[in-house]
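Biologist: I'd like to learn how to read ring clusters and nonpolar cores. Can you walk me through them?

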Amino acid sequence: MEQPLELESDDDLTDSEESVYSGLEDSGSDSTNSSAAEEEEEEEDEGEQEEPSNGAAPKVKGAPRKSKALGADPPLKDSEGLSVPDEYEEDIRNTVGNIPMEWYQDFPHIGYDLEGKRIYKPIRNKDELDKFLEKMENPDYWRTVQDKMTGADIKLTDEQVDLVHRLQKGQFGDVHFNPYEPAIDFFTHEVMIHPVTNRPADKRSFIPSLIEKEKVSKLVHAIKMGWIKPRKPKEDTPTYYDLWAHEDPNSILGRHKMHVPAPKMKLPGHEESYNPPPEYLLSEEEKLAWEQQEPAERRLNFVPQQYRCLRAVPGYPRFIHERFERCLDLYLCPRQRKMRVNVDPEDLIPKLPKPRDLQPFPTTQALVYRGHSSLVRCLSVSPSGQWLASGSDDGTVRFWEVCTARCMKTLPVGGVVKSIAWNPNPTICLVAVCVEQSVLLVNPCLGDKLLYGATDQVLESYVPPEEERVQPVQWVTATSEEHSRGIRLTVQHSKALKQVTWHGKGDYFATVVADNSNMQVLIHQTSKRWSQNPFRKSKGLVQCVLFHPIRPYFFVATQRYVRVYNLLKQELTKKLMANCKWVSSMAIHPAGDNVICGSYDSKLAWFDLDLSTRPYQLLRHHRKALRSVAFHKHYPLFASGSDDGTVIVCHGMVYNDLLQNPLLVPVKVLKGHTLTMDLGVLDVVFHPTQPWVFSSGADGTVRLYT
Amino acid sequence: MAQLTARFRTENPRYAVEDVPFSVPAASETADLSHLINKLLAARGADHKYVEFDFLIQGQFLRVPLVTHMEMENISTEEVVEIEYVEKYMAPQPEECIFHDDWISSVQATEEWILTGCYDQTARIWSLEGKSIMTIAGHTEVVKDVAWVKQDSLSCLLISASMDQTILLWEWNVEKNKVKALHCCRGHAGSVDSVAVDCTRTKFCSGSWDKMLKIWSAVPTDEEDEMEEAANRPRKKQKTEQLGLTRTPLATLSGHTEAISSVLWSDAEEICSASWDHTIKLWDAETGGLKSTLTGNKVFNSVSYSPLCRRLASGSTDRHIRLWDPRSKDGSLVLLSLTSHTGWVTSVKWSPTHEHQLISGSLDNIVKLWDTRSCKAPLYDLAAHEDKVLCVDWTEAGLLLSGGADNKLYCYRYPATASDVGA
């Protein structure tokens with residue numbers, strides 16, 4: 001497609017009007033008009049050969065002016081259309097017809113005239129310089145166009161130039177044509193008094209319609225018959241329905257369910273203020289340092305600045321940047337729902353009943369049993385609960401009346417009393433006392449006369465066996481002097497003793513020797529005066545031993561372990577790991593399934609034998625080494641005495657049903673003993689019937705807490 | 001509030017004042033009110049002697065400023081408050097301090113003599129002036145309780161209970177000053193901790209560590225009740241048997257599960273026993289049946305009954321003295337707790353003449369005189385003992401006695417009021 005005014009504009013770049021045209025042509029052109037344009041071109045640009053490559057240049061130039069040219073587009077086409085018949089009449093010199101003139105480019109002629117003779121192109125030997133000179137010199141150059149059909153230069157007349165100008169302006173070609181003549185409406189909006197037609201109205205427009213009457217009567221009949229119901233009143237209330245009524249709550253999009261809100265931006269602080277406090281303003285060095293830092297390393301990503309007033313604050317230059325960074329942050333940083341466990345720390349503490357609800361337990365010191373002159377190492381209460389026996393380093397055993405703290409008897413034994421044990425059998429009145437290398441069986445002659453008389457009789461009724469058996473110890477009957485003091489039998493060991501404990505039936509007792517041989521533990525039978533060594537091999541330094549209250553088990557505590565032996569089968573049943581460095585004492589629950597161990601590293605381990613061989617609970621309430629632990633026979637209480645001078649009483653409830661673990665609650669710290677030689681409480685023992693606890697201390701007193 | 005309107009009232013016609021409301025300062029204390037009453041009385045009669053008064057509002061002693069007391073007791077200060085006044089109880093005056101050789105386990109006094117049981121295995125009779133009259137030796141163990149059975153001008157009957165499981169019934173010839181063991185009551189299998197003689201003076205009961213309560217006849221007979229002589233008895237027992245004829249119990253009441261610490265006759269046919277098993281049991285002495293049980297939660301050390309106010313007072317192994325109504329059928333009913341001691345209350349005794357007053361001894365070495373109308377604080381603290389107080393007694397003549405582990409028996413003369421002194 002060619003541009004009609006291209007050729008003319010080709011050289012004359014300075015002319016602004018031409019540029020307007022070229023742009024116009026470029027945009028508004030369709031196929032129907034193109035032929036007309038061609039013709040015009042043929043007619044006008046005969047002399048100059050058009051170069052197809054030229055088309056590109058004006059386009060670029062004209063781009064900004066497009067809008068201006070657009071408006072002028074349709075009138076131009078009109079003018080072209082009008083001019084076509086004239087050209088036909090005029091342009092009869094060349095008979096080649098409406099063909100592209102490029103076809104004749106390589107020929108010397110340009111077509112044929114009416115006579116069939118060739119029309120030769122005018123001789124064009126002008127070079128660029130000539131063209132330029134002509135352009136400069138010829139005053140009519142601007143209105144000279146080349147006739148394409150003939151190749152001759154035509155100087156446009158003034159009328160033609162005017163026409164071109166008009167067309168360029170979008171005006172009609174004809175000067176006299178008025179495009180804005182008033183229009184005459186055929187159908188006017190004004191109401192006329194006369195009809196358009198004068199036909200009289202039909203008769204039928206006066207007569208009621210029979211068909212309608214029929215139809216109406218039918219309807220009336222139907223209504224009467226009830227076939228047609230009168231129209232229901234329209235319901236005004238709009239009907240709504242719940243769009244999400246039947247929606248499965250589980251089918252909610254995960255995106256909604258797992259909505260993670262964007263992290264909140266930091267709120268502006270004092271630094272962001274337009275007038276921050278002076279300490280927020282950066283000093284020169286700080287500013288310098290800030291500038292030298294990497295942007296990512298800066299603590300603040302801006303420099304706090306001070307302005308006189310809010311009005312003086314300029315627009316924030318980083319605003320877009322900051323928003324952009326925020327968006328980057330939000331979409332580049334994966335968000336994840338944090339499953340924070342919202343637990344009240346209070347809930348993690350096990351719910352323990354209040355000590356108030358666990359009464360009775362000993363709370364206050366009631367009585368002090370004074371009399372010993374040195375530390376009281378051991379205590380024992382008679383099965384009736386009327387008497388208390390205490391053994392001391394001053395070489396005496398004292399017997400006390402429990403309820404008045406009256407010392408009823410004092411028995412000098414001539415040595416440190418390491419351990420004392422009242423026979424648990426209520427029908428026997430006998431106390432075993434560990435003094436140095438021997439165990440004294442003492443009849444305290446307290447309580448029922450019949451009872452202690454019978455005890456003496458039982459001891460006297462011993463008949464020695466015919467054949468002498470080799471025993472690890474020596475049983476010696478007391479001399480008459482000793483007898484008058486209450487001593488009945490002496491069991492002499494080869495080494496110093498540290499503990500004596502009775503079996504529940506009151507016939508057997510066990511002693512622990514303070515050495516590391518296999519003869520550490522011996523079991524003695526009182527009625528037969530017979531001793532035996534149950535262990536062939538030493539398994540470590542034995543600290544204490546205990547008989548099971550019901551079953552034929554024997555507990556042996558070494559430094560770290562408690563071994564449970566079955567005495568009937570003569571085998572090791574269990575080995576309890578105490579989790580402590582050095583076991584000092586041990587006590588067994590009266591039901592026999594729970595054992596507590598006190599240790600010198602101030603721990604108390606509670607073992608549930610049904611549960612595990614490790615401690616069910618490890619109590620660390622004492623500040624110093626534990627010396628003694630004890631269970632109450634009836635009440636769910638246990639106590640521990642320690643070198644820090646306190647006795648701690650704990651509630652230790654053991655449930656019958658196997659599913660419920662024992663409940664251990666410390667209930668009371670009992671103080672009273674004064675520390676002597678860094679030793680506090682040496683022994684604790686419970687009263688057999690009352691919730692009272694006795695403690696013996698290094699200060700030479702025994703105290704009763706109730 | 002500066003003033004209160006009060007109306008004063010008294011039971012004693014000697015000190016009666018006009019029954020009109022007075023305006024008294026709200027902050028006035030007992031001394032101020034006493035002063036006021038004295039002024040009124042002096043205005044009425046010229047020969048009035050100054051008397052200290054004590055004041056009661058709705059049966060409670062005034063111990064703090066008037067308005068504070070009324071706030072504590074929730075008494076309206078808008079209305080006329082009725083204040084009863086009584087003559088102030090005088091402080092007990094120390095009279096005697098009788099030294100013993102050993103701890104004093106029990107004491108019982110009459111108008112003329114004091115009988116004490118001692119840990120040196122004897123019972124002793126003292127005159128009221130503190131003169132030792134008689135030492136009764138015969139027990140082989142600590143004497144735990146003593147009681148007078150009968151008093152004549154010529155001879156007296158008394159019993160002593162001991163840890164040697166026997167109770168000895170003695171006849172003391174006052175003129176010749178000789179004692180003779182009439183009967184040896186054996187049957188207990190434990191230390192006999194408490195004895196009590198009934199009001200007809202023909203029976204006594206005993207409570208023992210062996211959980212049994214036994215009733216014995218207190219009438220001396222010449223013939224031996226029982227000739228049960230076992231040959232295999234130990235020597236010691238045979239020795240005590242020579243002290244008197246053996247006597248066996250009339251009845252044995254068993255029901256306690258722990259040792260019985262204290263017994264008394266609350267009626268002609270009713271025995272009350274307090275035990276270590278945390279109960280007080282009331283027994284019908286005639287049938288031997290259990291009438292009712294009052295359950296506490298501590299071991300009972302001592303119990304006392306006042307026929308004047310028909311209440312039991314108990315001392316137990318805590319700091320409180322509890323008052324019980326023995327006729328209540330719904331188990332335990334503690335009417336009041338008197339709390340001021342700091343140790344076990346070993347012994348309590350009601351006043352034989354005054355329905356509101358009682359005396360208590362405790363392991364904190366203090367004897368306290370209480371009025372049940374002032375349960376917050378005792379009337380008087382008698383802090384003379386240097387060791388545990390083990391027994392107290394109160395005679396009808398107004399003698400307070402307390403013995404303890406410091407081997408001393410203190411006697412106090414307690415005139416209920418100042419006017420009694422004059423009378």
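Modeller: Sure, let's begin with rings: those of Phe, Tyr and Trp (its six-membered ring) pair if their centres lie within 6.5 Å; planes under 30 degrees apart are stacked, over 60 edge-to-face, the rest tilted. Here, such pairs join Phe8(B), Phe22(B), Phe53(B), Phe55(B) and Tyr85(B) into a cluster. Remember that this is a predicted model, where local features need pLDDT of at least 70, side-chain atom pairs count only at pLDDT 80 or more, and totals for chains, interfaces and linings use all residues. Residues are numbered from 1 along each chain as written, chains are lettered from A and ligands numbered from 1 in the order written, and side-chain values use heavy atoms, leaving out hydrogens and water.

Biologist: How many aromatic pairs are there over all chains?

Modeller: The whole structure holds 30. One of them is edge-to-face: Trp475(A) with Phe509(A), 6.1 Å centre to centre and 65° between the planes.

Biologist: Are Trp475(A) and Phe509(A) buried or exposed?

Modeller: Buried means under 20% relative accessible area, exposed over 50%, partly exposed in between (1.4 Å probe, protein chains only). Both Trp475(A) and Phe509(A) are buried.

Biologist: What about a charge over a ring?

Modeller: Look for NZ of Lys or CZ of Arg within 6 Å of the ring centre and within 35 degrees of the ring normal. Arg406(A) does this over Trp103(B), 5.1 Å from the ring centre. Lys575(A) has its charged end over the ring of Tyr561(A), at 4.3 Å from the centre.

Biologist: Which residues have the most contacts inside the largest nonpolar core?

Modeller: A core is a set of buried Ala, Val, Leu, Ile, Met, Phe, Trp, Tyr and Cys residues joined through side-chain atoms within 4.5 Å. In the largest, with 25 residues, they are Val397(A), Phe399(A) and Val433(A).
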